[in-house]
Amino acid sequence: MIAVDARRLLGRIRELGAVGRDSEGRLIRLAASDTDRQGRDLLVGWLRQAGLDIAIDRVGNIFGIWQSPDDAGQAPLLVGSHIDTVIDAGIYDGCYGVLAGLEVIETLKASGFSPSRPVAVAAFTNEEGVRYTPDMMGSLVHAGGICVDTVLAALGTDGSVLGQELARIGYAGDTEPGFLKPHAYLELHIEQGPVLEREGVPIGAVENLQGISWQRITIDGVANHAGTTPMSMRSDAGHAAARVITHLHDRAKGSNTPMVATVGTMRFEPNAINVIPSQAVFTVDLRDPDEQRLQAEEAALAAYLDQLAAAEGVTISVERLARFEPVIFDIRIVERIEAAAKNRGLGVKRMTSGAGHDAQMMARITPAAMIFVPSAGGISHNPREHTEDAELVAGANILLDVVTDLAK
């Protein structure tokens, strides 16, 4: 049974993880930034060393394609993820899947394996959605879920324009997004949750992925003096926002479903210690693996906001930022992941992904599935994000086996 080169894979993960550090040592490779360019340059160099054909599309998605004489006219098997990061990130999220995909191709080439179809690895643009929205942008464009020109005109949190920034860093390709029509898509990822570690299971066969609803809520009240305005005479946008947070937390915690709710950003106006807030702007992230339940939670929040506006004497408006339905992955690929784990003597668990991934976009156009490996403490989007080396290698070997099976 062949295996990946553990030293090469782990070395590349750490080398890429050192790219994009700021003066405080934080890892920050936001999409289309200078540090993103550095990471992309390193990846493209490795793709070239592996002898892969490189394609870059108009939204900056990077593809390394292994063609062989026996695969003419066949749809390619695609593996991948992303290499952009959040602010103050860990080194595994996304990057592990891309580098493991490259490692699988190199291992198969070195073994003399002749695939019956091309095998390609992708690094999708702006999966994290920190600088530009929506998240999972590159894979969404590739799957035809959003117009290319709309994405290229996206405004960043710093006022930049994505298309201009991609051109500036040298990654505005000339290939049309969606040019590669996959036979199937596989994504290897750290779990970003505590389940596998808690249960002592080394491999997750991801069978579905939660639906995601992102909204921005604006509450308008009246600014007034914090000391002279009686509590009964206030129109306090800050207090109304706090009530929304508490409502969401209590509803999710009291539910017997997997639904989760998060208020991740908030700002007040005028944001002064002695002034009642005239405005509160915050985001709500709702997730559930069942579409009907997710719709019910959205409706429940809307009804609560109507009641709250009347009770607090405020005005509330809502903007939808992103909405993705739950995804059910291809059962045949999930079963192949389970079989590969058992063949290598590894425990495996079918599971739901609580986070969004490029795989959910690719599932719109091709059979897709994901492989998870444990995350220490369930920590991710954090410099303390960690997965043991042996677990990383084990996951890469499962990816190797499933790719071998699908590419025969």
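Glu128 sits in the loop that runs between β4 (119-124) and α4 (137-142). Keep an eye on that residue, since this briefing starts there and then moves out to the whole chain. One thing to know up front: what you're looking at is a predicted model. The chain splits into domain 1 (6-210 + 326-407) and domain 2 (211-324), and we'll get to how they meet after a look at three annotated residues.

**The annotated binding site**

- An unreviewed UniProt entry puts the label "binding site" on Asp93, Glu128 and His381.
- These residues span 289 positions in sequence, yet no two of their C-alpha atoms are more than 9.8 Å apart, so they gather at one spot.
- Asp93, Glu128 and His381 also turn up in the lining of the second largest cavity.

**A closer look at Glu128**

- Glu128 has a relative accessible area of 10%, so it counts as buried, the cut-off being under 20%.
- Skip the neighbours within four places in sequence, and Glu128 is in contact with His82, Asp84, Thr85, Val86, Asp93, Asp135 and His381.
- Two names on that contact list, Asp93 and His381, carry the "binding site" label as well.

**A closer look at Asp93**

- Asp93 is in a loop too, this one between β3 (77-82) and α3 (95-111).
- Its relative accessibility is 8%, so Asp93 is buried.
- Again leaving out neighbours within four places in sequence, Asp93 is in contact with His82, Glu128, His189, Ile190, Gln192, Ser380, His381 and Glu385.
- His82 is one of the contacts of Asp93, and it is also one of the contacts of Glu128.

**The annotated domain**

- The unreviewed UniProt entry names residues 210-310 as "domain: Peptidase M20 dimerisation".
- Over residues 210-310, the chain is 37% helix and 27% strand.
- The C-alpha atoms at the two ends of residues 210-310 are 33 Å apart.

**Where the two domains meet**

- Measure from centre to centre, using C-alpha atoms, and domain 1 and domain 2 lie 34 Å apart.
- On the contact side, 14 residues of domain 1 touch eleven residues of domain 2.
- Together the domains bury about 950 Å² between them, with 62% of it on carbon and sulfur atoms.
- Of the area that domain 1 buries against domain 2, Asp135, Gln210 and Pro326 supply 57%, more than any other three residues.
- Asp135 may ring a bell: it is one of the residues in contact with Glu128.
- How many salt bridges are there between domain 1 and domain 2? The count is zero.

Key:
Residues numbered from 1 in each chain as written. Predicted model: local features only at pLDDT ≥ 70, side-chain atom pairs only at ≥ 80, totals over all residues. Heavy atoms only, no water. UniProt positions renumbered as here; feature names shortened; annotations may be inferred. 1 Å grid on protein atoms, 1.4 Å probe; cavity = no way out; pocket = protein on both sides within 12 Å on 5 of 7 lines; lining within 4 Å. Helix = DSSP H or I, 4+ residues; strand = E, 2+ residues; numbered from the N terminus. Buried < 20%, exposed > 50% of the residue type's maximum accessible area, 1.4 Å probe, protein only. Contact = heavy atoms within 4.5 Å. Domains from an automatic or database assignment. Buried area = accessible area lost by both parts, 1.4 Å probe. Salt bridge = Lys/Arg side-chain N within 4 Å of Asp/Glu carboxyl O.
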